[in-house]
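The following note sets out points for a colleague who is examining this structure. They are numbered for ease of reference.

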Amino acid sequence: MPKSPNRPPKLLDQVGERVRLKHYSIRTEKTYLAWIRRFILFHGKRHPKDMGKPEVEAFLTHLAVDRHVAASTQNQALNAVLFLYKEVLGIKLPWMDDVVRVKRPARIPEVLSAPEVARLLAQLDGTYRLMASLLYGSGLRLMEAVRLRVKDVDFEYRQIVVRDAKGAKDRVTPLPASVTDALTAQINRVATQHRADLAAGYGSVYLPTALAEKYPNAQTELGWQYVFPSSRLSTDPRSGKTRRHHLSEKGLQHAVKGAVRRAGIHKKASCHTLRHSFATHLLERGNDIRTVQELLGHKSVQTTMIYTHVLKLGGRGVVSPLDS
């Protein structure tokens, strides 16, 4: 039986439409939809408009007590459900004061020494070595490196402009001179591939909705192409257009994990460890903590202060009695 043209869209379809209207990423859309679906299933498929604060608190408490999720995961679920009520249903929920909150453990970040970083990078080659070098040399987050656009690499001023980073802010960070040749060669390969894509009737790249509307021709310009594009064209799930997206972050994560093992590094190191090492080594060299805060894009200097704990020689800077 065909659907009535006047029939309102299903709830999850409404959520997807609202997420896109707010210009959130497709990753956020998928995450929100997954958590909202879990929330509804947890309460026996009851409609959210028939539920409220007690049901939301029960769901979040379940995640903490029964599922033992991390604090960040519980916050992610809360954000998704609050988005549903505020942005889709137009319901403002009261403060969730009865939720069993997951305590965020106070962990000192894992940091590699400069020789360890060198050993790790030596175990990589090609594109993954270049990307890992930017994680360490420019302090980029994993997805910031993956989503880097050609126009945001400034060779003249030796800097990288990170657009729409965490907190929806732009920032500038240094471009290591040691990667200039490799990065130039990479962008030249991107330019060659882009010309071939255009000749084949493709060549457009994803742009956030607001930018795509403001600059309709930008999606086919070289400057907007990803520095690290995928080797294959793919279909954009939102627009249905065939485009060349960026490399999957999973490939870089896997490559770094293997490099850590081959380098004989026994620390629990990952892509983000290279960013931690960037911050720590800058502070070790006497750079002002406010400067490091800006380079990392931290909202508060308190977040950056965690790296000062790593700087102290030994545990809290105390000399062992065995050595005195």
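1. The largest cavity has a volume of about 90 Å³. The model under review is a predicted one. By the rule applied, the count of cavities of 30 Å³ or more comes to one. The residues that line the largest cavity are Val190, Gln193, His194, Asp197, Gly203, Ser204, Val205, Gln225, Tyr226, Pro229, Leu233 and Arg244. Sorted by class, this lining holds five nonpolar, five polar and two charged residues.

2. A separate point concerns open space. The second largest pocket has a volume of about 290 Å³. Its lining consists of 16 residues, and those nearest the pocket centre are Arg129, Leu130, Ser133, Ser178 and Val179. Helix 6 (126-137) and helix 8 (180-199) each contribute at least two lining residues. The largest share, seven residues, is supplied by helix 6. In terms of class, eight residues of the lining of the second largest pocket are nonpolar, six are polar and two are charged.

3. As to the overall architecture, the protein contains 14 helices and five strands. Its C-alpha atoms fill a box of roughly 75 × 65 × 35 Å along the principal axes. Of the 324 residues in the protein, 41% are buried. Among contacts between residues at least 6 apart in sequence, 63% join residues at least 24 apart.

4. Three of the strands deserve a separate description. They form an open sheet with the order 1-2-3 and antiparallel pairing. Strand 1 (153-154) and strand 3 (169-174) are the edge strands, each pairing on one side only. Strand 2 (residues 159-165) is joined to strand 3 in the antiparallel sense by five bridges. Among the bridge partners, Ala165 is matched with Lys169 of strand 3.

5. Is Glu249 buried or exposed? Glu249 lies in helix 10 (residues 249-262). The residue counts as buried because its relative accessible area is 13%, and the cut-off for buried is under 20%. The side chain of Glu249 is joined to that of Arg27 by a polar contact of 3.1 Å. Apart from neighbours within four places in sequence, Glu249 is in contact with Arg27, Leu142, Met143 and Val146. Arg27 thus appears both as the polar partner of Glu249 and in its list of contacts.

6. Which residues does Lys53 contact, neighbours within four places in sequence left aside? Lys53 is placed in helix 3, which spans residues 53-65. Its contacts beyond those neighbours are Leu93, Pro94, Trp95, Met96, Asp97 and Asp98. In addition, the side chains of Lys53 and Glu57 make a polar contact of 2.8 Å.

7. Two residues call for inspection of their backbone geometry. Lys45, a residue other than glycine, has a positive phi near 65°. Its place is in the loop between helix 2 (26-42) and helix 3 (53-65). With a relative accessibility of 65%, Lys45 counts as exposed, since the cut-off for that class is over 50%. His68 likewise is not a glycine and has a positive phi, of about 55°. The loop that holds His68 runs between helix 3 and helix 4 (71-88). His68 counts as exposed because its relative accessibility is 63%.

8. How far apart are His23 and Ala210 in sequence and in space? In sequence the separation is 187 residues, whereas in space their C-alpha atoms are 7.4 Å apart. His23 is found in the loop between helix 1 (11-21) and helix 2. His23 counts as partly exposed because its relative accessible area is 42%, a value to be set against the limits of 20% and 50% for that class.

How values were computed. Residues numbered from 1 in each chain as written. Predicted model: local features only at pLDDT ≥ 70, side-chain atom pairs only at ≥ 80, totals over all residues. Heavy atoms only, no water. Helix = DSSP H or I, 4+ residues; strand = E, 2+ residues; numbered from the N terminus. Buried < 20%, exposed > 50% of the residue type's maximum accessible area, 1.4 Å probe, protein only. 1 Å grid on protein atoms, 1.4 Å probe; cavity = no way out; pocket = protein on both sides within 12 Å on 5 of 7 lines; lining within 4 Å. Points joined across faces, edges and corners; volume = space filled by probe spheres on them. Nonpolar A, V, L, I, M, F, W, Y, C, P; charged D, E, K, R; others polar. Polar contact = N/O pair within 3.5 Å; in protein donor to acceptor, adjacent residues only side chain to side chain. Contact = heavy atoms within 4.5 Å. Pairing = 2+ DSSP bridges.
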